[in-house]
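With the structure open in a viewer, please follow the stops below in order, making each selection before reading what is there.

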Amino acid sequence: MSWTRMQMAERLVREFQDGWVVNLGVGMPTMIADVPMGDRDIIFHAENGVIGYGAVCAPGTEDLNLVNAGGQNVVLNPGASIVHHADSFALIRGGRMDVTVMGAYEVAANGDFANWKLKGAKGGGIGGAMDLAASAQRVFIMLEHRTRDGASRLLPRCSLPITAAGVVTLVVTDLGLFAPSGEGFALRDLAPGVTLEEVRAATACPIIA
Amino acid sequence: MARNKTYPDFDAAVADIPDGAVIAIGGFAGPGTPYNLIAALARRGAKRLTCIANTTGGAHKPRMPDIGMLVENGQVAKVICSFTAATRASDVLPFTKYYESGEVEAEIVPQGTLAERLRAAGAGIPAFYTPTAVGTELAEGRETREINGRRYLLEYALPVDFAFIRAARADAVGNLRFHRSQRNFNPLMAMAAKTTIVEVEEDILPAGAIDADDVHTMGLVVHRLIRVPPPPMGLWTRKREAAR
């Protein structure tokens, strides 16, 4: 047993506090906008300057000129606003993101993470990740615990070029919820049916339970 | 009498773009992308261009006019983008093989830094310090400085010869309004450019038809306007219409 991607999103959402401004990155994090927030008032920010967007549009109802960071057509919630890119990133660097949620290839015990350049590639895809990682109040990472080959994505140090140094607050994987602690990862929660031994066997650095 | 900036067609609007020009191209994931102007630049054939945009173009179908096409056309010397490859290994951008073979140079820039470098160019600011990319491969060998206990990276303004942008609405003097996330980089590129060329989705209005309080980009920094003809004459009125 382990968490599905939607359950990973739901588990991270439990960490959100009322009133937070939440930036969602491309890929897995886009699912978070579809998770019910209960009575918490959460504002979603997309790097392209859309503040206060909601769920992905039902087919046929899209405004083709309105997309989130992943290029999905979304709805605007009441009270939404739209700004240009310089203002959007001024909000980011200005520290107004309570959290940014991003996907990653690797995350390290020292709080580094890597999500822009693959091994051996000449080019990369940074997008807004470096700006968000450097300046958001918290950085939450969503990723599969292991690669397709079974190698741990939670590492003592990143092997790929990093996106930012020492910034990661929380990591959710299919196996559990973790916080980088310097020498390893502190276990905050286990997915149902997953044992501590299984997590330790799947992880390339110490798990502090 | 205010000067009318309307051009008859896309080819006329790009006819004077010389070899070696620096072109900024607006748009983010579709909205605000000046597809018709990119296609006109491909027909124009100017070479050794430097192209600035968020991406070089997508890996997905349907293929829209993008920097990748200008690269395939042999028109591009260098791109300055926040993506020079896709983040998923299975996606290969059309641009990537030209970059990997060394036919085209690329500078990868974090998206917020790209926006701010354009903003700075338009605002008369030659350079600035940002916390973004400090401690990464991008900062290696470059000037950093500690200010109030935090380390920052020096970034230079990015001036532009021609900006290609797309807006929902314009009046004859070039005042612009964007619809929803169409705005993105477009106002910054207009400010950063010597010459701004705009493809406009609605009929171009007489001066004064957009109230001064409602202008997103002022006509002062807009030089050429071309109305996107309605489909089927005008290609790429909206990205998804091409897919339907």
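Begin with chain B of this predicted model, coloured on its own: a compact globule of 244 residues would have a radius of gyration near 18 Å, and because chain B has 18 Å, the two agree. Turned along its principal axes, the C-alpha trace of chain B spans about 50 × 40 × 35 Å. In a cartoon view, chain B shows seven helices and twelve strands. Of its 244 residues, 52% count as buried, and among the contacts in chain B with a separation of 6 or more, 77% are accounted for by residues 24 or more positions apart.

Next, select residues 35-44 of chain B, which form helix α2 of that chain. This helix is mostly covered, seven of its ten residues being buried. To see which ones, show the side chains of B:Y35, B:N36, B:L37, B:I38, B:A39, B:A40 and B:L41, the buried residues of α2(B). What do these buried residues pack against? Bring up α1 (10-14), β1 (22-25), α3 (67-72), β8 (160-167) and β11 (193-200) of chain B, and you will have the elements against which the buried residues of α2(B) pack.

Step just past the end of α2(B) to B:G45, which takes a positive phi of about 85 degrees. Continue along the backbone to B:R48, which has its place in the loop between α2 and β2 (49-52) of chain B. Here phi is again positive, near 55 degrees, but B:R48 is a residue other than glycine. B:R48 has 13 other C-beta atoms within 10 Å and is therefore partly exposed.

Another loop of chain B offers a further positive phi: select B:N148, found between β6 (144-147) and β7 (150-156). Phi of B:N148 is near 50 degrees, and this residue, too, is other than glycine. Is B:N148 buried or exposed? With 5 other C-beta atoms within 10 Å, B:N148 is exposed.

For a contrasting stop, centre the view on B:H223, which lies in the loop between β11 and β12 (224-227) of chain B. Although B:H223 is in a loop, it has 20 other C-beta atoms within 10 Å and so is buried, 20 being the count at which a residue is classed in this way. Leaving aside residues up to four places away in sequence, B:H223 touches B:K5, B:G174, B:T195, B:T196 and B:I197. If you then draw a distance from the C-alpha atom of B:H223 to that of B:E105, 118 residues apart along the chain, the separation is 29 Å.

Now move to chain A, in which a cartoon shows four helices and 13 strands. The radius of gyration of chain A is 17 Å, close to the 17 Å that the globule rule gives for 209 residues, so chain A is as compact as a globular protein of that length. Its C-alpha trace spans about 45 × 40 × 30 Å along the principal axes. Buried residues make up 49% of the 209 residues in chain A, and of the contacts between residues of chain A at least 6 apart in sequence, 62% join residues at least 24 apart.

With both chains displayed, select the residues where they meet: 36 residues of chain A are in contact with 43 residues of chain B. On the side of chain A that touches chain B, α2 and α3 (129-135) of chain A each supply at least two residues, and α2(A) gives the most, with five residues. By class, this side of chain A has 18 nonpolar, 13 polar and five charged residues.

For the last stop, isolate helix α2 (residues 85-93) of chain A together with helix α5 (residues 111-123) of chain B, whose axes come within 9 Å and cross at roughly 125 degrees. The two helices, α2(A) and α5(B), are therefore oblique to each other, and their crossing is left-handed. Show the side chains of A:H85, A:A86, A:F89, A:I92 and A:R93 on α2(A), and of B:G112, B:A115, B:E116 and B:R119 on α5(B), since these residues make the contact. Sorted by class, the contact of α2(A) with α5(B) has four nonpolar, two polar and three charged residues.

Key. Residues numbered from 1 in each chain as written. Chains lettered and ligands numbered in written order. Predicted model: local features only at pLDDT ≥ 70, side-chain atom pairs only at ≥ 80, totals over all residues. Axes fitted to C-alpha atoms, helices over the stretch in contact; angles between N-to-C directions. Parallel < 35°, antiparallel > 145°, perpendicular 65-115°, else oblique. Left-handed = near helix turned anticlockwise from the far one by under 90°. Contact = placed C-beta atoms within 7 Å. Nonpolar A, V, L, I, M, F, W, Y, C, P; charged D, E, K, R; others polar. Rg over C-alpha atoms; globule rule 2.2 N^0.38 Å. Buried ≥ 20, exposed ≤ 12 C-beta atoms within 10 Å, placed from the backbone.
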